[in-house]
Each structure stands twice: as C-alpha cells, then as structure tokens.
Amino acid sequence: MPVETRSFRNRSAVGRFPSVTLSLGEEAEDDREELEERDEQTENACRRWLQKICPCCCRRSKDDDDITETLETTDEVEDGDKDKDKDEDKDEDKDKEEENPDGSEIDELLLRVRSIDLMKSQSGENRTKHHTNLYQSQNLIIRRGQPFQMWVTLSRPLDRNTDKLHLELKTGPLPAVAKGTHAIVPLVEKLGNDQWEAAIARRDGDRLLLSINSPPTAVIGRYQLTVETSCASGEFISTHDPANDIVVLFNPWCGVDAVYMDSEEERQEFVLNDVGRIYYGTMEQIGARTWNYGQFDDGILTTCLFLLEKSGTPSSGWGDPINVVRIISAMINSLDDRGVVEGNWSGFYADGTSPTVWSGSVEILKEYHKNKGTPVKYGQCWVFAGVFTTVLRCLGVPSRTVTNYKSAHDTDVSLTTDVYLDENLDPIDSLNADSIWNFHVWTDCWMARADLPAGYGGWQTVDATPQETSQGTFRCGPASLAAIRNGQVFLKHDSPFVFAEVNSDKIYWQRNKDGTFTQIYSEKKAVGHFISTKAVGSDERNDITHLYKHPEGSEAERIAVETACSYGSKAEAFAAPTAEDITVTVALDGEGPTMGQNAELSIELRNSSSEKRTLDLHSQASIMYYTGVHKATVRRDRTDVDILPNEVKTLEWTLEYDDYKDQLIDQAALMLTLSGRVKETQQVVATQFSFRLRTPALIIKPVGRAVVGQKMAAEISFTNPLPRVLKAVVFHVEGLGLVAARRINYGDIGSRASVSLTEHFVPSLAGPRKLLASLDCKQLTQVHGVADLLVQGGQ
C-alpha cells in the first residue's frame, strides 16, 4: 500500500493562497503541477502590476523571452543575490553593479558614515583649547559651553539640498531629550552660544570638518556618540564605538558656566595644579604637608565618573555643580553609600592603612575603582578633603583644600560650643558632646549660586568628613562663605554647621545642686583661627580667615554671631556680659614641645583691677584626638594664686614625657584645660589650650640628574626622637611623574637612632616635580618629607 503523502504549495505562496490540497499518489502529483501552473500565472500578473506601481522594488528578470518577472526581496538585496536584467538597460545596470557589487541602487544613493575622527590627541587642538591635554586618557575630553571639532567621512559628498545629517549624544542609563541626557545636535549654518549645534567648518570631498558646540549647562559625564543621516533613499545610523565616547566636564573658562572663574592665575591653581599643601597641627604650631591630587593621572577621570554613577543619582542632575558637589561630598566617605574612604579615629589601623601614611589621592581612588567600589581603609579629615579636591578639580570645579584651627563641632544646632562642668568645676565628660578640633580640613569650591540671593556666589564650603547628616546623608555644603561671614545661617546648604565651626562662642555651664545648669562664662574668641589654604602660585600659606568671619571682637563680628545664634537652640545664652577683671591665657615658647621631651607651657594671669585677687585655679592635661574628643586624662592640679593689683603673673607648667608616653595617639595632640573662680568677686575664668608634640621630618636628598627615562635615586634619612624602639616601621614613597606609590617595610629603628635608605626610580614626566615620603609605625605618626626636583626632558 503506497504511503500517504501531503502536498503543499511552494512556501512563498502560503498566506496569499491559503487553500491546501491533500491527495494520494499520482493524482496528488498531477494536482500539484496544475496548481503550480495556475499559481505562477496569477503571481506573474501580480508582479507586472507591482512593477508598474513601484519599479524600484520590482525589477525585470534577465530573460527577455520569459513573461515572468522576479520580485527582489530585502534578504536578496543584502545577500547580493540579484538577477541581472536583460533589457534595454542591461549594460547600464551591469556597470552600476560593478561599482556597488554588495548593494542595490538604493544602497548606492544612501548616505553612509564611513568613519569618525574626533581629533582627540592630547597635543591636538581640541584637547589644548579645552585645557584637557593633561588628562592621561585616550578619550576626547571637552569642557561644556565651548566648541570642539571632528571629522566625519561619508560614502559620498553631502548635498545640503537633499541630504540631512545630525549627531546624537547620549549619557546615563535612560537617556531622554527632555532631561538633557539625550542631545540631538542639528547641522546649522552658524553656531549659536547656548545649545547643542553643529556647523560645517570645512569640506574635503566626502569628508566634513564639523564644529560642535555644547550648552554651558550641559550634563557632565560620558556621552555615546552616533552620527545619523537621511536622504531620499533612506536613513543611516553609525554604529556606536566606545572609542568615540566623549567626556564632558565643567568649564571654568566659559563666562556663562556656573563655575566660571575670571582669573587665569587662579584657574591654573584651583583647576590645573595637581600638587598642593594641606595644613594640620594647632593654631600655635601650624604644620604643613604636600599632597598629590593627581587629578590627571591615568584612570582618575574614569574613577570620578564611576563615583557619580555609583551614587545612583539621576544623571539629569549632573549639569548643576551645586548638586554634583553634594553628591561627591556624600560619596567620598563610606557611610550611607560605601563611598571611597572609610573613616577611623581609633588609632588602630592593622587591617588597613594609617591615615597619616597617605601622601595623595591617586592610590586611594585607584584602589577604590579596582575593587569595584569597596571603601579604602582608612582616612581622617585631611584625607577626605584631599580626595574631594582631586575629584572636583578632575570634573572641572575650581577647588582648594582648607584648614580651620580651633574648629568647633556643634552637635545640637545651638550654634554654640557648650562645655558642662560639675559643682567643682571639673568637666562632665558624658555631657560634653560638642568638641573643638585642633584643626579640621575641608574643601572650598567656586561657583555661582543661582539658588541664593545675589552676592552669595564665589567660594563655597563643602565637606566630605562624616560628622553630621544633611538631609539624612553624611555630607555638608555647599555653604556660601559670604553667608557664613554675616551669620546668615538661614541660607542653604548646611550654613549653621559651618558657621559654628568657624565662629561659635564657647559657653561654660555649671551644674547646680538641683541638677539644672547655669551659664557661668563664655569665650568669644575660642573658635575659628588661622583658616589656611595654599597660596596661588606658591607653596606659601594663605590665611583666608577674613573670608569666613569679620575681625574677631569687632562690632560686625558680634552682630554676625548674634544673628546666627538667634536661629539656634540656645539663643538665651547671649545675655549682657558681666564685668571681668581677671583674664587667663596660655602660650608656648617657639615652635612648641618636641616628641620625646617634656612639654612646657606658660600660663599668664592678668589682674586689670586696682585690688588684689585670689584665684582658685584648676588645671587638667588630657590626651586628645585632634578632633577634640577626649581620650585620657594624664595630669590634674589645683592651686591658689594671688594676683596683685594691675599685675601680670606668669606660671610655668610642665608635662613630663613619662606622663604621656604610653597614651599618645595620632597627631600627638594634648589639651590643657584651665578653670577657676575669683574668691573676692566670684568671677569664673576658663580656657582650653590645645597643643601638639612636634615630630621630625624625613630628609629627602635626590641623587643624580633628574632626566626623563634615566634612572636616578633619592636618599631618605630619619632620626628617631624617642627614647624607645620604633617597631615595624613602614616608609611610603610616591611622586607624580617620578614613581608610583610604593611601600617599604623597613623593620625596627632603635632609640634615638638615625637611619637612611635609598630608592631608585625613573622619571616619566618633565618639569617641576615633587617626591613625597612618609613614615608610619605604632609609636610615631605624622612623619613626612618632600623634595623638589626639576626633571629635564629625555633625548
């Protein structure tokens, strides 16, 4: 019995001729042939009709004698399987097919993009004019609000009458035109000033030199570029190539950018300088260390953009520098969002790096990016500020690292720094949450403030050190320095906190027998001194205290304090002052005590009255974190002091090495607290004096000529100032353009011993360079040194 077979029409007919015949054996074969003949006739009629209506889609077959014609499908055009016509246009068609063997006539007329040249060489015109030639990156890096150029090579010359061309730039996960993250850049006759536009600067056959402008408010970040064309034959979109991504930055050189800075000297310092100075210590003993910002180093720009992306904030907000600095302020510290640096003030850093070891930002940022956003251990305020300054300068925001001495930390929004004493005038540690840091380092950035009344633009304080939250996140600023100076703490962002840091009064409260507290004394000059930053164009210290506050004690300064505190939680603290005829001050000789030796201070008591006074004086010496947080009390004294009329009496006070040697922590910071009551008048006097024990510097001596590509050396020498062995000493060496950060596990250094080591390296960049070194061990921190080198260019 023959097998039953199913006969289907040719698959190309299915759908147009839905009837299907099921037959047996030879009858099925005859039916198939008859159906196919009928189908072919019908189909040929359809094709002839289509050819009349749309000759470009339905072409003739190569056989003149055949009445059938073929319909070219899209797939056949792409595969190159075309039938050659055998009619009067046969020769012409053949010539065209030889010119365009892989495409149809439509493809010949289509305007294709053959290549894109962004002219992104570091030494090229784009990078130099945009001041981005220092970035060690292969991308085109531009600054917004300023034209740049690119070559586009097309498949044929552009005809402005029939052809259209535009660029598309997309950034962020969900680009949108309405949000400014999808820029459609039209081709215009002449560029404007405030929008995405492109104009033809030059023609060279199939090549176009385009000049492109971006708005001064453009979103910063990495953009994907495509070029799109359209003509009568259709549209074409170039394939996205990551090598053609464009990075857009803020532009301090553009007069209408919010970060515009009109001084070229200041732009060189606050945007382009990749090495700076950070100040530390106390107001009487100002220390300085060199810091490598390294904002142009290979991979740093990528890390900065990674930070913005990791923040999870909408990229549509990245065109506003106010928003960007708040994002970065939060992302530099690890709290809330696993940002760059994890803070640690404990003195124990065995599972990470001691904050005093770092000499720059590059190593920290690269480690963070390499580990896919794992916070780097560990940092303190100068590390947070140094890294913050690096990121801001990298993104194009003018910035500087600032140190405030006697920096208050207000914890209850009182805008005062409160000290609580018991009935015996001893500090109540459990209540003293406010503190005064020996020094605190933050960052100032420069921008217009369209969100504030006129006159409040310029320098703004931003801070990445996690102290208090701002709108639920550990960040601070930008707070206008003009607002801080005048006590206008109602202006955003975080002005009350910054005001308290630089100009709060220190209020002393004594506990009464019923548990209440009475204000017994106030210090009006205890906070905010020698606010310092690196000078423009030199390594000198620039005191900018006058930008933060009026002259101490002036009427304008007092008005600012009272204005600010009227918005605080202890406005009642500002009652009329009482007469005071006894004053107490503390001073140190020269640069102050040295680590490993006794600490000697002078206490000066002045009686401005015409009568004798007797003062019951309490003193307490404490080991402090530089943040003003108490660690341990190492000495207490109490004495009665007689002061004759109009007398100035000086008391010598000494803290022996044995008293503090086992208690010291980072920064070697101590505090002397003095308080007392005058028996005759019941006047209360009080003051707190912070000081540090100076540490020796590392001496760095270059050996040999400094020439690019030639090996040289540096000798690093150090003398242990302590009468004890330094255990497990680690040296850290780095220098931009000289040597990548490296650590040397040296071992132990004996009591009072001197050591030296030699490090070899090969300079890679010409010009003035700085070689940095630091030493770290459990017994001694904040030891560092710097050497200046002038590297000559290689052969």
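**Group meeting: a walk through one predicted chain**

Let me start with the contacts. If we take the contacts in the protein chain between residues at least 6 apart in sequence, 66% of them join residues at least 24 apart. Keep in mind that this is a predicted model.

How far can we trust it? The average pLDDT of the protein chain is 85, and 84% of the residues score at least 70. Two stretches need a warning. Residues 1-36 have a pLDDT below 50, and beyond near neighbours in sequence that stretch makes 19 contacts in the model. Residues 52-103 are also below 50, with 61 contacts in the model beyond near neighbours in sequence. Where pLDDT is low, the predicted coordinates should not be read in detail, so I will leave those stretches there.

Now the general make-up. The protein chain has 15 helices and 39 strands. Of its 795 residues, 52% are buried. The exposed surface of the protein chain comes to about 36,000 Å², and carbon and sulfur atoms supply 48% of that.

Next, the inside. In soluble globular proteins, nonpolar side chains tend to be buried together. Here the largest nonpolar core has 95 residues. Which residues have the most contacts inside it? They are Met150, Ile332 and Leu395. The element that gives the most to this core is helix α10, residues 381-395, with 11 residues. Apart from this core lies another one, of 56 residues, including Val584, Ile603, Val685 and Phe718.

Take Met150 as an example. Leaving aside neighbours within four places in sequence, Met150 is in contact with residues including Ile116, Leu118, Met119, Leu167, Leu208 and Val227. Asp117 is also among the contacts of Met150.

Then helix α6, residues 264-272. Which of its residues are buried? Arg267, Glu269, Phe270, Val271 and Leu272 are. The cover over the buried residues of α6 includes helix α10 and the strands β2 (140-143), β15 (399-409), β18 (458-463) and β24 (529-534). We met α10 a moment ago, as the helix that gives the most to the largest core.

Last, one loop residue. Where does Gln488 sit? Gln488 is in the loop between α11 (481-485) and α12 (495-503). Not counting residues up to four places away in sequence, Gln488 touches Tyr456, Ala482, Ala483 and Ser495. With Tyr456 there is a polar contact between the two side chains, at 2.5 Å.

That is the tour. Please keep the low-confidence stretches, 1-36 and 52-103, in mind when you look at the model.

Note on methods: Residues are numbered from 1 along each chain as its sequence is written. This is a predicted model: local features need pLDDT of at least 70, side-chain atom pairs count only at pLDDT 80 or more; totals for chains, interfaces and linings use all residues. Side-chain values use heavy atoms; hydrogens and water are left out. pLDDT is the predictor's confidence in each residue, from 0 to 100. Contact means heavy atoms within 4.5 Å. Helices (H or I, at least four residues) and strands (E, at least two) are DSSP runs, numbered from the N terminus. A polar contact is a pair of N or O atoms within 3.5 Å; within protein, one must be able to donate a hydrogen and the other to accept it, and residues adjacent in sequence count only if both atoms are side-chain atoms. A nonpolar core is a set of buried Ala, Val, Leu, Ile, Met, Phe, Trp, Tyr and Cys residues joined through side-chain atoms within 4.5 Å. Buried means under 20% relative accessible area, exposed over 50%, partly exposed in between (1.4 Å probe, protein chains only). Accessible areas come from the Shrake-Rupley method with a 1.4 Å probe; for residues, only the protein chains shown count as cover.
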